[in-house]
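Q: Please take a close look at the part of this model where the two chains meet, and then at the helix packing and backbone details of the chains themselves.

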2 protein chains.
Amino acid sequence: VGTIALATTGAAGPAHAAKAVVEKASDTKKFVGAAFAIGAVAGLFGSKTLGAGTEGLATGATITKINEVFPGALPNKSLVSKATKALKKYDYGSDSLIATSFCADEVNRCLEAELGKVFTDNFSMGGLAGFPFGGVTSFGAMAAHIPDGGSCLVVFGPHVGVDSAGSVGTVERRGRANGGACCGSAVAASGYVASVLSGDTEKAKPPADALDAQQSFVGSLLLPHAARLDKASDKMVELPYALYDAQKEMMTDVVTSAAGAVAGSGKIAVMGGIQINTPPGQSDYYLPLSFEVYDNTGTKIEDLTL
Amino acid sequence: VGTIALATTGAAGPAHAAKAVVEKASDTKKFVGAAFAIGAVAGLFGSKTLGAGTEGLATGATITKINEVFPGALPNKSLVSKATKALKKYDYGSDSLIATSFCADEVNRCLEAELGKVFTDNFSMGGLAGFPFGGVTSFGAMAAHIPDGGSCLVVFGPHVGVDSAGSVGTVERRGRANGGACCGSAVAASGYVASVLSGDTEKAKPPADALDAQQSFVGSLLLPHAARLDKASDKMVELPYALYDAQKEMMTDVVTSAAGAVAGSGKIAVMGGIQINTPPGQSDYYLPLSFEVYDNTGTKIEDLTL
């Protein structure tokens, strides 16, 4: 099973603990075979990036679930349009630079493509689960690339799939009968933190080398939210909200540490939220949860609304 | 100065050591002001991704230098075309998945866009300087996204700018009078390893938290190449070759550790090399240095040639 393959590539302890969670998420997939097969026949397995803007809004059980558990989520196109309008008061234009911090998963490229239509190519601060693992150095580098006199927009967040049956934590994937966990890194980390909470696994030490350091950090950064996930009525819904909180904290640390690398009166707009991946042919969504503007002393100037 | 801003966001020791190297790289920029201004007037500061395929080959001092110090480098479009042809014998087609491991820098998105024309959206394993910091877990997740019955192509590498005056380690950037270091993370790390080699800085301990772990790992992974960089007649040329060697070692560890996550007879093609960023209006290049095909036991089947 594809989803298990991910879990077993990690350390033995966390992988074992994650297995139950992953299987729980996968069970729901059994009900969506029919809907998925229709998608396959209709040839809807293309890239959302290449077809950006041509797909329709989410439909059926997918949009019903999104409205229920991620109220306020916007289709990518609408998000970018509203964000661009909100930033006009700070003179964001062709001298702006976009930085993203999204998960490695290819399903997240379509939001970068939509942002790219306004802001051109994105600097990429993100790593597994969407954490800004490029860190303080990546922010400094990005700031040194802002066009003269311009500002930057940083967009970050975890991602979560909502499939055509309305199941959260999985999504139909291009050419696959089994969509699997989405976000896989997050689901594996949630298994690790559950296992530490129950006492089955010892808290991992900081990684000594780079080979799988990132997933280790995803686990340690999610660990403060273990009890909250344990109590949640739907762990797959609570997981992206918990990851957002962990990422917001790290991103604020990064921005306030490195804000001085932005030149002159350049602004730092930081939007955080949850990316929602939907079936092929439907637009992805993004639930904005914060939209702050900082100056280059790291002082927050304003909370923007969309 | 923009290039210094990057260095000073890192740890004090390495940043100080890096300063001399960065300034050396920047000195050469003084000679290219005129050429750069011409680019600005001509309005050539658009995104290479949005105009992918419309820019011409590299010209003048840029292509002369590329041919001298990166012989065998191919324009991105030609690289993707040749790689696609070479992979046909392994039935790479619409059931393939592309994973990249490139640096965070936005100048590297155009190669992802070119690869995306054939392979659709890319999974992103990369972090600062191009190391596959998503690690073993990211490979496992990527493998679980390959379309049923398909294979994956992993393309990795450091990047280096060659500007319109033929200077290596810097490149003109959209809307900026000062291009600055390219790759900035690599130049900062080269300063750190030079300082450890000379005894001015102590070797850093593994990072205890995630906030700037990635740049710390870039430094420690480059450290075995400190003497080689010290002896090089042109450090800015030797740096991407040294980084390639370090990344090849890490990528091979990742692939052989996690190959089993690829289903059935799916293949793992791994291309490594050096991305070469050029001025606006000119195609970027890539120097392929290895192109290996593995099966899902982690056994190498073949060295492909382009």
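A: What follows begins with the interface of chain A and chain B and then turns to one helix pair and a few backbone details.

The model is a predicted one, and in it 62 residues of chain A are in contact with 62 residues of chain B. Between them the two chains bury about 5000 Å², and 57% of that area lies on carbon and sulfur atoms. For polar contact, the rule finds 30 residue pairs across the interface of chain A and chain B, counting pairs in which both residues are at pLDDT 80 or more. The elements of chain A that give two or more residues to the side touching chain B are the helices α1 (2–8), α6 (109–119), α7 (135–143), α9 (213–222) and α11 (235–258), together with the strand β3 (123–124). The largest share of that side comes from α7(A), which gives 7 residues. Sorted by class, the side of chain A that touches chain B has 28 nonpolar, 22 polar and 12 charged residues. Although charged residues are present on this side of chain A, the rule finds 0 salt bridges across the interface of chain A and chain B.

One of the elements on that side, α11(A), also packs against helix α8 (residues 184–198) of chain A, at an angle of about 95° and with the two axes 11 Å apart. An angle from 65 to 115 degrees counts as roughly perpendicular, and α8(A) and α11(A) are therefore roughly perpendicular to each other. Where these helices meet, A:A186, A:V187 and A:S190 come from α8(A), while A:M236, A:L239 and A:L243 come from α11(A). By class, this contact of α8(A) with α11(A) has 5 nonpolar residues, 1 polar residue and no charged residues.

The backbone leading towards α8 deserves a look as well. In chain A the peptide bond from A:C182 to A:C183 is cis, with omega near 15°, and A:C183 is found in the loop between β5 (159–161) and α8 of that chain. In chain B the peptide bond from B:C182 to B:C183 is cis, with omega near 20°, and B:C183 lies in the loop between β5 (159–161) and α8 (184–198) of chain B. Another backbone detail concerns B:T120, which has a positive phi of about 60° although it is not a glycine. B:T120 is found in the loop between α6 (109–119) and β3 (123–124) of chain B. As background to these details, most residues other than glycine have a negative phi, and most peptide bonds are trans.

Technical notes: Residues are numbered from 1 along each chain as its sequence is written. Chains are lettered from A and ligands numbered from 1 in the order in which they are written. This is a predicted model: local features need pLDDT of at least 70, side-chain atom pairs count only at pLDDT 80 or more; totals for chains, interfaces and linings use all residues. Side-chain values use heavy atoms; hydrogens and water are left out. Contact means heavy atoms within 4.5 Å. Buried area is the accessible area (1.4 Å probe) that two parts lose on being put together, summed over both. A salt bridge is a side-chain nitrogen of Lys or Arg within 4 Å of a carboxyl oxygen of Asp or Glu. A polar contact is a pair of N or O atoms within 3.5 Å; within protein, one must be able to donate a hydrogen and the other to accept it, and residues adjacent in sequence count only if both atoms are side-chain atoms. Helices (H or I, at least four residues) and strands (E, at least two) are DSSP runs, numbered from the N terminus. Ala, Val, Leu, Ile, Met, Phe, Trp, Tyr, Cys and Pro count as nonpolar, Asp, Glu, Lys and Arg as charged, and the others, Gly among them, as polar. Axes are lines fitted to C-alpha atoms, for helices over the stretch in contact, and angles run from 0 to 180 degrees between N-to-C directions. Angles under 35 degrees count as roughly parallel, over 145 as roughly antiparallel, 65 to 115 as roughly perpendicular and the rest as oblique.
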